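Open the structure in your viewer and keep the selection tool handy. We will make a few stops, and at each one you will hear what to select and what to look for.

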Amino acid sequence: MTSNTASLTTGSLAGPSLWTRMMSGHAGPVSVILLGFIVLWYIGAVFMNAPTQIDRYNRADQTWTTSQLIEDTWSQERPILPAPHQVIAEMYQTIFATKITSKRSLVYHSWVTLSSTLLGFGIGTLLGIILAVGIVHVMTLEKSLMPWVISSQTIPILAIAPMVIVVLGAIGIKGLVPKAIISTYLCFFPVTISMVKGLRSPQVIQLDLMRTYNASKWQTFWQLRLPSAMPYLFASLKVAIAISLVGAIIGELPTGAQAGLGARLLAGSYYGQTIQIWSALFTAAFLAAIMVVIVGWCERRVLARMGVGA
């Protein structure tokens, strides 16, 4: 009995196991999922590239082993599904080992896409906020404008993008602006919807209190509605900034652009450079993640200044 008690006491003093401590935060689960994704990716690369590689062996009348097949499927020049290390090597080569002024540099192409992304994001955010303020304060706008705001998102962006590019090109507007307009079209919607929800989030008793203080609509907006809408706004901005990047890339596709991540995708598609396509896709994903992190950092700073928990 004494030994059992001693063992229980020792176990309780030892605390949770290493695995439990690793999985208690965010890093552990994310790392496990990432590791599983990489393993599945390597397995998928073998199965996807194996038929082509076996056909090469047969054409060359070459004998092969399973280990050789696996190794060769992970090192093909133009694989159907490139292995992770091939994508990483291509990203390293085009990001760090290439001059940023070179047309092969992903930094150069990322900046071209990022420029239209940020412009479209800025215009879309401003437009979304203005529409939300109008919808909340003007009943006529809510009944007439809100249905059009919602229905605008039912039209596929792939159908709109070529028309925007062609129409604006016909009147002499080319380059950055058409891509920014496509980004604006995608990102203004979540900002509008979230801001409408946020501006209407104050409780009735809070609005009555402002009326008791004889506050004007302008004062109520700045001192009550806008602060209450800040968490909703930043939540929508995280979505909008990522969608803006997607819109900028889509805007580059129908134009046959010579620069931008969309241009890299097109070039890789034309010449069968799947490794180039995947490296551009992952660069776009990392770029979107960085922008979302920046928006999240701004959110914490702004809400902390306002005394609101993020």
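Before we start, a word on one term: a residue is called buried when its relative accessible area is under 20%, and exposed when it is over 50%, with partly exposed in between. Please also keep in mind that this is a predicted model.

**Stop 1: helix α8**

Select residues 157–170, which make up helix α8. Its 14 residues should span 20 Å at 1.5 Å a residue, and the end C-alpha atoms are indeed 20 Å apart, so the two agree.

Now colour the buried residues of α8: Ile157, Ile160, Ala161, Val164, Ile165 and Leu168. Where do they sit around the axis? They cover an arc of only 130 degrees, which puts them on the same side of α8. A general rule helps here: an α-helix has 3.6 residues a turn, so residues three or four places apart point the same way.

Next, pick a second colour for Leu158, Val166, Val167 and Ala170, which are exposed on the other side of α8.

What do the buried residues of α8 pack against? Show α9 (176–199) and α11 (217–252), and you have their partners.

Before leaving, click on glycine 172, just after α8. This glycine takes a positive phi of about 90 degrees.

**Stop 2: an aromatic pair**

A search of the whole structure finds eleven aromatic pairs. For one of them, select tryptophan 41 and tryptophan 278, a tilted pair with 5.4 Å centre to centre and 35 degrees between the planes. Tryptophan 41 lies in helix α3 (residues 27–59) and tryptophan 278 in helix α13 (residues 274–306), so the pair ties together parts that are 237 residues apart in sequence.

Are these two tryptophans buried or exposed? Tryptophan 41 is buried, at 10% relative accessible area, while tryptophan 278 counts as partly exposed at 26%.

**Stop 3: along α13**

Stay with helix α13 and select phenylalanine 282 and phenylalanine 286, which are four residues apart and therefore separated by about one helical turn. Their ring centres are 6.4 Å apart and their planes meet at 45 degrees, so this pair is tilted as well. Phenylalanine 282 is partly exposed at 22% relative accessibility, and phenylalanine 286 is partly exposed at 48%.

**Last stop: the cluster**

Finally, show Phe37, Trp41, Trp278, Phe282 and Phe286 together: they form one aromatic cluster.

How values were computed
Residues are numbered from 1 along each chain as its sequence is written. This is a predicted model: local features need pLDDT of at least 70, side-chain atom pairs count only at pLDDT 80 or more; totals for chains, interfaces and linings use all residues. Side-chain values use heavy atoms; hydrogens and water are left out. Helices (H or I, at least four residues) and strands (E, at least two) are DSSP runs, numbered from the N terminus. The expected span of a helix is 1.5 Å times one less than its number of residues. Buried means under 20% relative accessible area, exposed over 50%, partly exposed in between (1.4 Å probe, protein chains only). The arc is that of the directions from the helix axis to the C-beta atoms. Contact means heavy atoms within 4.5 Å. Rings of Phe, Tyr and Trp (its six-membered ring) pair if their centres lie within 6.5 Å; planes under 30 degrees apart count as stacked, over 60 as edge-to-face and the rest as tilted.
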